[in-house]
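Please read the following note with the model open beside you. The points take up the metal sites and then the disulfides.

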Amino acid sequence: MFLSMIAAVYTLSLLLFPVHGNTCSGDSNCEDIVTMPLLDGMRATLKADLDVKNMNDHLKTYIASEIKKGFENAMNDVMKQIVNKGIEEINTTIIAAIHENLAGKGVTYIRWGRKGCPAGADMIYTGQVGGNHYTHKGGGVNYLCLPNDPENGQYQSYGNDQVFGGEYELSSSLKPSGWDESMFNKEVPCSVCYKQRSSAVQMIPGRKTCYKGWNSEYHGYLMSDHNTYHKRDYACVDINAEPLDNKNGDENGALFYPLRTKCGSLRCPPYTNSADVLCVVCTK
Ligand SMILES: [Ca+2]
Ligand SMILES: [Ca+2]
């Protein structure tokens with residue numbers, strides 16, 4: 001045991017300090033006679049026959065293996081760092097490109113009944129609702145959002161009036177829940193809103209909240225003209241609707257009435273009969 005320890009120490013010394021000159025010449029079956037001082041300082045000489053070449057080969061193989069492992073580990077770490085840094089840089093570039101691309105994209109919608117746009121949306125313009133007269137049989141059926149700063153056309157003498165103002169046609173018994181009748185006969189404002197970084201807009205009748213992944217712009221009540229008059233589009237009027245101004249003359253024009261559900265062909269449940277119809281405008 002002691003001898004093998006000395007042999008190991010010596011072999012290491014040969015590798016680390018080859019100046020001793022006892023290295024094998026490279027011949028097969030090479031053996032050296034090793035002379036070393038005893039470690040206990042006895043000043044005697046211990047001689048042992050050792051297969052130094054065999055030990056050297058094992059040690060070289062071992063060291064080469066360890067160096068290889070160490071090199072591979074180091075290279076793996078370096079490669080991981082390079083790959084991770086590359087992925088990070090690519091992600092940053094992609095995100096920046098997406099943001100740059102989305103910055104120029106957006107959707108528009110009309111907020112009926114309000115003079116401003118919801119937080120997060122830019123207002124293109126605000127104005128008053130216009131539309132065809134409720135007694136007219138023909139012509140346009142949709143509400144219009146007319147800007148407050150129009151560029152007017154030339155006078156015409158023919159008779160085909162179709163752009164009137166829009167009025168809240170409410171009463172104590174004919175109004176959406178929670179509203180008072182102070183807006184009766186007052187005109188209806190509107191705003192055209194631009195939502196940046198969005199690619200879709202959808203009004204959902206029958207709900208006041210958007211589905212998952214969609215952003216609610218505003219919600220309110222679905223309104224239209226009265227069903228005894230001529231047909232008109234539906235419009236989602238803001239829950240916090242306001243009048244255009246304080247004038248409440250009964251000028252009529254394009255009218256806004258609340259409306260309700262009728263069960264039968266409309267399935268109840270899930271709907272309920274004779275109920276206000278909620279609505280929400282969602283963007284994504
Ligand atoms: Ca009026
Ligand atoms: Ca009226």
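1. The calcium ion (ligand 1) and the calcium ion (ligand 2) are 5.9 Å apart, and Glu167 coordinates both of them. A donor here is an N, O or S atom within 2.8 Å of the metal (3.2 Å for Na, K and Ca), and because water is not among the atoms, sites may look incomplete.

2. Please keep in mind that this is a predicted model, in which local features need pLDDT of at least 70 and side-chain atom pairs count only at pLDDT 80 or more, while totals for chains, interfaces and linings use all residues. Residues are numbered from 1 along each chain as its sequence is written, chains are lettered from A and ligands numbered from 1 in the order in which they are written, and side-chain values use heavy atoms, with hydrogens and water left out.

3. The calcium ion (ligand 1) is coordinated at 2.2 to 3.0 Å by a set of atoms that includes the backbone O of Asn185 and of Gly249. The spacing of its donors along the chain is E-x17-N-x1-E-x61-G-x1-E. Asn185 lies in the loop between β6 and β7 and Glu251 in the loop between β10 and β11, so this pair ties together parts that are 66 residues apart in sequence; strands are DSSP runs (E, at least two residues), numbered from the N terminus.

4. For the calcium ion (ligand 2), the protein donors lie 2.2 to 2.9 Å away, and among them are Glu169, Asp250 and Asn252. Which of these counts as buried at 12% relative accessibility? That residue is Glu169, whereas Asp250, at 52%, counts as exposed; buried means under 20% relative accessible area, exposed over 50% and partly exposed in between (1.4 Å probe, protein chains only).

5. Turning to the cysteines, the count comes to 5 disulfides, a disulfide being a pair of cysteine sulfur atoms within 2.5 Å. One of them joins Cys145 to Cys190, with an S to S distance of 2.1 Å, and it links distant parts of the chain, since Cys145 is in strand β5 and Cys190 in strand β7, 45 residues apart.

6. Another disulfide joins Cys210 to Cys282, and the torsion about its S-S bond is about -100°, so this disulfide is left-handed. By contrast, the torsion for Cys236 and Cys279 is about 95°, so their disulfide is right-handed. Cys236 is buried, with a relative accessible area of 3%, and Cys279 is also buried, at 0%.

How values were computed: Helix = DSSP H or I, 4+ residues; strand = E, 2+ residues; numbered from the N terminus.
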